[in-house]
Amino acid sequence: MTATDLSPTKQEADKLFQRKRLIGFGIPAVVFAYLVYIFFAFDISGLAGRANLDNAVTLASDSWSHKIHVTRDNRSGEITYAFEGERKGRYPAGQRPDWVSGDEIIEIDLGADHVVRYLPENRTEIEVPGFPKIEVQAEGRSLTNNLPDDLPEWISASNRRIGITTEEGRITLTGARTEVFNYFPGWELFWFTLDSPYYGHSIGSILFGERLDPARSNITGAVSDWWNNKMWRHKDVAWAIGETILMAFLGTMGAAMLALPLAFLAAKRFTPILLLRAVTRRLFDFVRGVDALIWTVVLARAFGPGPLTGTLAILITDTGTFGKTFSEALENVDQKQIEGVSSTGAKPLQRYRFGVIPQVVPVLLAQILYFLESNTRSATIIGAITGGGIGLMLTQAIQTQKDWEEVAYYIVLIIVMVMFMDWFSGWLRGKLIGRKD
Amino acid sequence: MPAGIFVSGDRMADISLSGGPRAVDNIQSSYLEQVQRRRLYGGLTLLIFIVLMAAGFNVADSRNAGGFWDGLHQIGDYPSEVLSEAWDKRADLPRLIAKYFPALVETINIAAVSTLIGVAGGIILSLLGTRGLAKWPRLIPLFRRISDIMRAVPEIVIALVLIFILGGGPVPAMIAISIHTAGALAKMFSEVAENADLKPVEGLSSTGATWSQRMMLGVLPQVAPNYVSYSLLRFEINIRASAILGFVGAGGIGYELRNAMGWGAGRFDEAAAIFILLFSTIVFFDQVSSRYRNRLTEGQGQ
């Protein structure tokens, strides 16, 4: 080798290095520039101003705890005790939590020396350690109080509404009513509501103890009371999850059944007519391109909200996806097996059955089972739009903006459901076509 | 029959002549029996499947607001109304498309940013969760579970919760899609990384390279084509996801679509403009990404 031989090679190598360097610095620079653009386009700096941290705190604390409302109606003087302030979570008449005492003067002990007293004539006394006793009088629509002028940040007061937030609980006072919220950890009433005879009993005493309800045996009674729990609605939740899985199952399988014959039309090997092939392929592209969102919107107009609409939206969109992948699988079929089958004198249909189908089934099944899992997630999302399944229950719970423990419950259920479907489709794939490795 | 095999010479020919047909009969009958049993099982599975499909369809039908057979002939009504109105006002269509174009850009931006963030997260999670590559081999199950959970959460769950805290707009959708993308890509990336050649990594570690240097220089160049291909596929999926999340209040073209739908008849041309934009965007990115993906995987085969 001489120097003259080397110089072009060296030049080439230098060029290559230069290009590599350019790419090595260029791509990160482009990505960075794009992220800077996004920072301004999405107004990320203004996010802190828009974010509502109170909401975040409510969400974080409510999702694992529950509160009991003690409410005095200032017009009728009636006092109610209810879980989450809901009608269906009310204590039956004559019962109340044991941290409430007194008849004429109702004394609510929030713990750690925080005490609220409901006095006659719509007066309220609030004792918070380290702060002078607060007295509030409700008259008509306005409030009079003895609060000092400069308030600590845990008290907000106007002549219409006073809100006091302490570590032990929250108190709100308006002209119409006085309300105390006492917080406790855990999801209360998850098993039984207050009107059930089984409320407050342990599993042991329900299973082996005395009969609690004379009309029913303990186990059937407990199961039916739990199943029909009005606060947590276990029955509706189970149905909703069933609906979501049903949408995914019907949509995926229906799409696969529709797509298989169409895929033969789109595969070059089985359909020599160019026009027919092109039309089928464009059809696949079209239904895929329209996307589940638009299909859902269009189908909801025809069928109304519900699981059927979600099923059909998944079915139509996935027919396109399946059609495309199935026809690709059919293109890659090994010709030898088909020739072998046809050498035995097999008719065309038999050639497909014994020469083609056994080759493509593993590919198809793997695809279908993968989509079964992914469509469970899609069905949750579509359900939130078109109104069906667990997706709808989740959106409703979030929109009411108060049942955060239910939101947390649904989120856990959704994650468990998707992970179950993931495991199930993997298990089924293992059974049907063998493990991957 | 087995006894005959060990006998040599003309004896064997004798045995196989006399024993042959009977043995073939035997094989044939047991084969037919097996085929019949397989057919029975296959038929039963098919029957159960059909019953499940039919029953499931009936349940879905009965729990739906409108029935299938009543609705079937109405499927075309809404699209044809929208199309005919859009056709009547076709002169206005370019203006509407221009009007909604910024919203479309927002939707694409959400998808692009969350793909970028998701890819970064996916690479880190996958490398930490792959045998032979992980920095802390004992924590592999932990990182795998984390990516499983991130993958299992549907985008809408995180988006709705974040909309409550952060208010509407693109950021909740971006975070929600990023989380799901990171989880989904971590699984696919780690399958690829498992098959990566470990020799470059060993070579690098002999020079005293740190873990991140080993990964950057030893592993990523090997897996890059596959990673890019999966990321492009994910970008395509994320455009759809970001349009859907817009529909529940996260900004972009989906949000505009919901508003346009709410106006009802008389403003169908706006809905039509959005449909056209969304459809052509999805088809465009679908085609572009599938072309590049084909090129990437083809290059690898050689």
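Select chain A in this predicted model and colour it by burial: buried residues account for 33% of its 437 residues. Its secondary structure amounts to 12 helices and 12 strands. Along the principal axes, the C-alpha trace spans about 100 × 75 × 45 Å. The radius of gyration of chain A is 33 Å, whereas a compact globule of 437 residues would have one near 22 Å. Of the contacts in chain A with a separation of 6 or more, 57% involve residues 24 or more positions apart.

**Domains of chain A**

Next, select residues 67-185 and then residues 234-433 of chain A; these are domain 1 and domain 2, respectively. Taken over C-alpha atoms, the centres of domain 1 and domain 2 of chain A are separated by 55 Å.

**The open sheet**

Now display the strands β2, β1, β12, β11, β10 and β9 of chain A. In that order, these 6 strands form an open sheet with antiparallel pairing. Where does the sheet end on either side? The edges are β2 (79-83) and β9 (155-157) of chain A; each has a single partner strand, so one side of each is left without a neighbour in the sheet. From one strand to the next, the twist averages 10°.

Stay at the β9 edge and add strand β10 (residues 161-165) of chain A. β9(A) and β10(A) pair in the antiparallel sense over 3 bridges. To inspect one position in this pairing, select Ser156(A), which stands opposite Gly163(A) in β10(A).

**Strand β7 and its two hairpins**

Move to strand β7 (residues 134-139) of chain A and show its side chains. In a regular strand, side chains alternate between the two faces of the sheet. In β7(A), Ile134(A), Val136(A) and Ala138(A) point to one face and are buried. Glu135(A), Gln137(A) and Glu139(A) point to the other face and are not buried.

What pairs with β7(A) over 4 bridges in the antiparallel sense? One such partner is strand β6 (residues 123-127) of chain A. Select Glu125(A) to find its bridge partner in β7(A), Glu135(A). The hairpin of β6(A) and β7(A) has 6 residues between the strands, and Gly130(A) takes a positive phi near 80° there.

Continue to strand β8 (residues 142-145) of chain A, which runs antiparallel to β7(A) and is joined to it by 4 bridges. Here Glu139(A) has Ser142(A) in β8(A) as its bridge partner. The hairpin formed by β7(A) and β8(A) has 2 residues between the strands, and in its turn Gly140(A) has a positive phi of about 60°. Glu135(A) and Glu139(A) thus offer two points for orientation along β7(A): Glu135(A) bridges to Glu125(A), and Glu139(A) bridges to Ser142(A).

**The contact between the chains**

Show both chains and highlight the contact, to which chain A gives 51 residues and chain B gives 49 residues. Which element provides the largest share of the side of chain A that touches chain B? Helix α7 (residues 274-303) of chain A does, with 11 residues. By class, this side of chain A comprises 33 nonpolar, 11 polar and 7 charged residues.

**Chain B**

Select chain B alone, which has 12 helices and 0 strands. Its radius of gyration is 30 Å, well over the 19 Å that the globule rule gives for 302 residues, so chain B is more spread out than a compact globule. Along the principal axes, its C-alpha atoms fill a box of roughly 95 × 70 × 35 Å. Buried residues make up 37% of the 302 residues in chain B. Among the contacts in chain B between residues at least 6 apart in sequence, 72% join residues at least 24 apart.

Colour residues 2-63 as domain 1 and residues 79-301 as domain 2 of chain B. The centres of these two domains of chain B, taken over C-alpha atoms, lie 48 Å apart.

**A stop at Leu204(B)**

Finally, go to helix α9 (residues 199-206) of chain B and select Leu204(B) within it. Is Leu204(B) buried or partly exposed? With 19 other C-beta atoms within 10 Å, Leu204(B) is partly exposed, since a residue counts as buried at 20 or more. Leaving aside neighbours within four places in sequence, Leu204(B) is in contact with Ala209(B), Gln213(B), Arg214(B), Leu217(B) and Gly218(B). To close, draw a distance from Leu204(B) to Thr281(B): their C-alpha atoms are separated by 44 Å, and the two residues are 77 residues apart along the chain.

Definitions and conventions
Residues are numbered from 1 along each chain as its sequence is written. Chains are lettered from A and ligands numbered from 1 in the order in which they are written. Two residues are in contact if their C-beta atoms, placed from the backbone, lie within 7 Å. Ala, Val, Leu, Ile, Met, Phe, Trp, Tyr, Cys and Pro count as nonpolar, Asp, Glu, Lys and Arg as charged, and the others, Gly among them, as polar. Domain bounds come from an automatic or database domain assignment. The radius of gyration is taken over C-alpha atoms; the globule rule is 2.2 Å times the number of residues to the power 0.38. A residue is buried if 20 or more other C-beta atoms lie within 10 Å of its own, exposed if 12 or fewer, and partly exposed in between; C-beta atoms are placed from the backbone. Two strands pair if DSSP finds at least two bridges between them. Axes are lines fitted to C-alpha atoms, for helices over the stretch in contact, and angles run from 0 to 180 degrees between N-to-C directions.
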